[in-house]
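Thank you all for making the time this morning. I would like to walk you through one model, slowly and piece by piece, and please keep it in view while I talk.

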Amino acid sequence: MGHSETVGSSDRVIEAIVSRSSTKKFSDEAVSRGDIETMLTAAVRAPDHGMLAPWRFIVLQGDSRAILGSAMRAALQSRMPEADAEALDREASKAWRSPLLVVVVAEPKSHPKVPEVEQLVAVGAAIQNLWLAAHSMGYGAAWKTGSHAYDAGVKSALGLRAEDHVVGFLHVGRPTSKAPIRPAEFAARTTWL
Ligand SMILES: Cc1cc2nc3c(=O)[nH]c(=O)nc-3n(C[C@H](O)[C@H](O)[C@H](O)COP(=O)(O)O)c2cc1C
């Protein structure tokens with residue numbers, strides 16, 4: 001690859017990184033299987049110490065979003081037995097915010113040289129890769145966690161074990177409203193030695 005091609009491709013990567021922001025509202029348009037597979041390919045190209053593939057992806061689209069919606073409703077009900085029908089409906093509707101939801105899970109493996117924290121950050125890198133791939137294809141995304149990510153009932157509804165970590169519920173779809181791009185402040189957090 002020649003010099004100009006190298007510079008050209010890194011410019012596109014930087015452009016994608018600095019122009020990313022969270023999507024607030026999504027259109028209903030479904031995401032194609034091919035595009036989802038491109039996003040997942042980008043995700044698993046993340047750095048992975050020991051090549052343990054500590055990630056797992058659960059893809060929810062269309063009616064399968066009801067699995068998460070019902071689980072979130074039940075989780076709220078058990079956490080707040082006084083929650084009314086409106087509050088429960090609002091909680092369940094969060095699963096329908098976007099046409100595609102990718103639940104990104106860390107399943108850390110026992111390894112003598114790769115502690116759990118390294119496997120968790122690898123999964124974080126996978127989420128960022130997935131998001132940037134989606135962004136570069138004209139999709140938007142929103143990364144959510146909240147109490148449902150840590151709820152044993154929600155994990156069980158998704159076929160996960162209590163010890164698995166839901167690192168993010170990644171909503172993906174065509175954006176109709178996005179957050180402003182926030183300033184990239186690094187100076188106060190950087191020491192030059
Ligand atoms: C581990 C993790 C968990 C997050 N959980 C939530 C969440 O529960 N709700 C939410 O609105 N945003 C969540 N976010 C997204 C951030 O709030 C968001 O990226 C931040 O506000 C910056 O906005 P930007 O993405 O537009 O730059 C999470 C981000 C990370 C890295």
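Of the 193 residues of the protein, 38% count as buried, and I should say at once that what you are looking at is a predicted model. The protein exposes about 11300 Å², and carbon and sulfur atoms supply 56% of that area. If you take the principal axes as your frame, the C-alpha atoms fill a box of roughly 60 × 45 × 40 Å.

As for the secondary structure, there are 6 helices and 6 strands, and, read from the N terminus on, the elements run α-β-α-β-α-α-β-α-β-α-β-β. Among contacts between residues at least 6 apart in sequence, 80% join residues at least 24 apart.

Let me turn to helix H5, which covers residues 116-136 and has 21 residues. From its first C-alpha to its last, H5 reaches 30 Å, close to the 30 Å expected at 1.5 Å a residue. Many of you will want to know which residues of H5 are buried. They are Gln-119, Ala-122, Val-123, Gly-124, Ala-126, Ile-127, Leu-130, Trp-131, Leu-132, Ala-133, Ala-134 and His-135. After the helix comes Gly-138, whose phi is positive, near 90°.

That brings me to the interior. In soluble globular proteins, nonpolar side chains tend to be buried together. Here the largest nonpolar core has 22 residues, and those with the most contacts inside it are Met-39, Leu-100, Leu-170 and Val-172. At least two residues of this core are supplied by each of helix H2 (33-44), strand E3 (100-106), H5 and strand E5 (165-173), and the largest share, 7 residues, comes from H5. Apart from this core lies another, of 16 residues, among them Ile-58, Leu-60, Ala-71 and Leu-158.

Two residues help to make the region around H2 concrete. If we leave aside its neighbours within four places in sequence, Met-39 is in contact with Val-31, Leu-100, Leu-130, Ala-133, Ala-134, Met-137, Tyr-139 and Val-172. Ile-36 is found in helix H2 as well, and Ile-36 counts as buried because its relative accessible area is 5%, with the cut-off for buried being under 20%. Not counting residues up to four places away, Ile-36 touches Val-31, Val-59, Gln-61 and Leu-100. The C-alpha atoms of Ile-36 and Ala-133 are separated by 9.7 Å, although the two residues are 97 apart along the chain.

Next, the ligand. Which residues are found around the ligand? They are Arg-20, Ser-21, Ser-22, Trp-131, Trp-143, Lys-144, Thr-145, Gly-146, Ala-179 and Arg-182, and you will recall Trp-131 from the buried residues of H5. A polar side-chain atom of Arg-182 lies 2.3 Å from an oxygen atom of the ligand, while for Lys-144 a polar side-chain atom lies 2.9 Å from a ligand oxygen atom. Thr-145 takes part through its backbone, with an N or O atom 2.9 Å from an oxygen atom of the ligand. Taken on its own, the ligand has 620 Å² of accessible area, and the protein covers 55% of that.

I would also like to look at two loop residues. His-148 lies in the loop between strand E4 (140-144) and helix H6 (152-157), and, with a relative accessible area of 5%, His-148 is buried. Beyond residues up to four places away in sequence, His-148 touches Met-72, Ala-75, Leu-76, Arg-79, Glu-91, Val-154 and Phe-169. Asp-164, for its part, has its place in the loop between H6 and E5, and is buried too, at a relative accessible area of 2%. A polar contact of 2.6 Å joins the side chains of Asp-164 and Arg-161, and, leaving aside neighbours within four places, Asp-164 is in contact with Val-105, Ala-106, Glu-107 and Lys-155.

Finally, consider Pro-183, in the segment after strand E6 (175-178). Is Pro-183 buried or exposed? Pro-183 counts as exposed, because its relative accessibility is 59% and the cut-off for exposed is over 50%. In space, Pro-183 and Val-18 are 9.5 Å apart, C-alpha to C-alpha, and in sequence they are 165 residues apart.

How values were computed
Residues are numbered from 1 along each chain as its sequence is written. This is a predicted model: local features need pLDDT of at least 70, side-chain atom pairs count only at pLDDT 80 or more; totals for chains, interfaces and linings use all residues. Side-chain values use heavy atoms; hydrogens and water are left out. Helices (H or I, at least four residues) and strands (E, at least two) are DSSP runs, numbered from the N terminus. The expected span of a helix is 1.5 Å times one less than its number of residues. Buried means under 20% relative accessible area, exposed over 50%, partly exposed in between (1.4 Å probe, protein chains only). A nonpolar core is a set of buried Ala, Val, Leu, Ile, Met, Phe, Trp, Tyr and Cys residues joined through side-chain atoms within 4.5 Å. Contact means heavy atoms within 4.5 Å. A residue is near a molecule or strand if one of its heavy atoms lies within 4 Å of it. A polar contact is a pair of N or O atoms within 3.5 Å; within protein, one must be able to donate a hydrogen and the other to accept it, and residues adjacent in sequence count only if both atoms are side-chain atoms. Accessible areas come from the Shrake-Rupley method with a 1.4 Å probe; for residues, only the protein chains shown count as cover.
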